[in-house]
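Trainee: I would like a close look at a single part of this structure. Please take one helix and its surroundings and walk me through them.

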Amino acid sequence: MTGLEPSSFDPTRLRIGQGYDVHAFAEGRRLVLGGVDIPHVRGLLGHSDADVLAHAISDALLGGVRGGDIGRLFPDTDPAYKDADSLVLLAAVAAFVRSQGYEILDVDSVVAAQAPKLSPYREAMRQNLATAMGVSVDNVGVKATTTEHLGFEGREEGISATAACLLCRCK
């Protein structure tokens, strides 16, 4: 029993969150997306490991519980988060979501990057993100798109990610 059976369904127990993040490319940095090190000539600039995908998902989860954004929990002015592993931060966000009485039902995301091609890394990203959030990999979607050479992603100046989540106060 999940509490979502038709006879007991209460839509006020569901929450949707959305997140967005962007990081510029930088020389001398590794490219980490969804916790996967991806071979590329440049990485993303940020205080942490700049995992734009994990950050967007974190913001979606926090949005679902009206908890602000990851900058509120993990400020880039705090040296403790310098080069932090964003999957560790995501796990902390998932724990916070649960402490607010919610379960993570589903997460879907899109990474916008002209390069590199991300499809070979998609399943590893899904698994890493699912593990960090403590959910089944079946409940995590990761897609990638180019922007047809339009915008900052298309000019290969950086990468963005969007995410949406469905949460439930099911207990």
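Mentor: What follows is a walk around helix α4, its neighbours, and a few details further along the chain.

The model is predicted. Start with the strand before the helix. β5 covers residues 103-112. It has two partners to consider. One is β7, residues 158-168, and the two strands run antiparallel. Nine bridges join them. The other is β6, residues 140-145. Here the strands run parallel, and six bridges join them.

Val110 shows both pairings. Its bridge partner in β7 is Thr162. Its bridge partner in β6 is Lys143. The chain gets from β5 to β6 by way of α4, residues 122-133. This β-α-β crossover is right-handed. Next to Val110 in the sequence, Ser109 stands opposite Val142 in β6.

Now the loop on the way into the helix. Pro116 lies between β5 and α4. The peptide bond joining Ala115 and Pro116 is cis, with omega about 0°.

Then the helix itself. Check its length against its geometry. α4 has twelve residues, and at 1.5 Å a residue they should span 16 Å. The end C-alpha atoms are 17 Å apart, which agrees.

Which residues of α4 are buried? They are Met125, Arg126, Leu129, Ala130, Ala132 and Met133. Note that an arginine is on that list. Seen down the helix axis, the buried residues fall within an arc of 160°, so they line one face of α4. The spacing rule is a familiar one. An α-helix has 3.6 residues a turn, so residues three or four places apart point the same way.

What does that face pack against? The buried residues of α4 pack against β5 and β6, the strands on either side of the crossover. They also pack against β2 (31-33) and β3 (36-38). Two helices complete the list: α1 (52-64) and α3 (86-99).

Look at how the helix ends. Gly134 follows α4, and its phi is positive, near 75°.

Positive phi also turns up in residues other than glycine. Take Ala50, with phi near 60°. Ala50 sits in the loop between β4 (43-44) and α1. That loop leads to α1, one of the elements that α4 packs against. At 0% relative accessibility, Ala50 counts as buried. Glu148 is another case, with phi near 55°. It is found in the loop between β6 and α5 (151-154). Glu148 counts as exposed, because its relative accessibility is 62% and the cut-off is over 50%.

Last, follow β7 to its end. Cys168 is the final position in the range of that strand. It forms a disulfide with Cys170, and the sulfur atoms are 2.0 Å apart. The link is right-handed, with 130° about the S-S bond. Both cysteines are buried. A search of the whole structure finds one disulfide.

Why is Cys165 not bonded to Cys168? The closest cysteine sulfur to that of Cys165 is in Cys168, but it is 12 Å away, too far for a bond. A disulfide needs the two sulfur atoms within 2.5 Å. Cys165 still counts as buried, because its relative accessibility is 4% and the cut-off is under 20%.

Technical notes:
Residues numbered from 1 in each chain as written. Predicted model: local features only at pLDDT ≥ 70, side-chain atom pairs only at ≥ 80, totals over all residues. Heavy atoms only, no water. Pairing = 2+ DSSP bridges. Helix = DSSP H or I, 4+ residues; strand = E, 2+ residues; numbered from the N terminus. Right-handed = clockwise from strand over helix to strand, strands pointing away. Expected span 1.5 Å × (residues − 1). Buried < 20%, exposed > 50% of the residue type's maximum accessible area, 1.4 Å probe, protein only. Arc of directions from axis to C-beta. Contact = heavy atoms within 4.5 Å.
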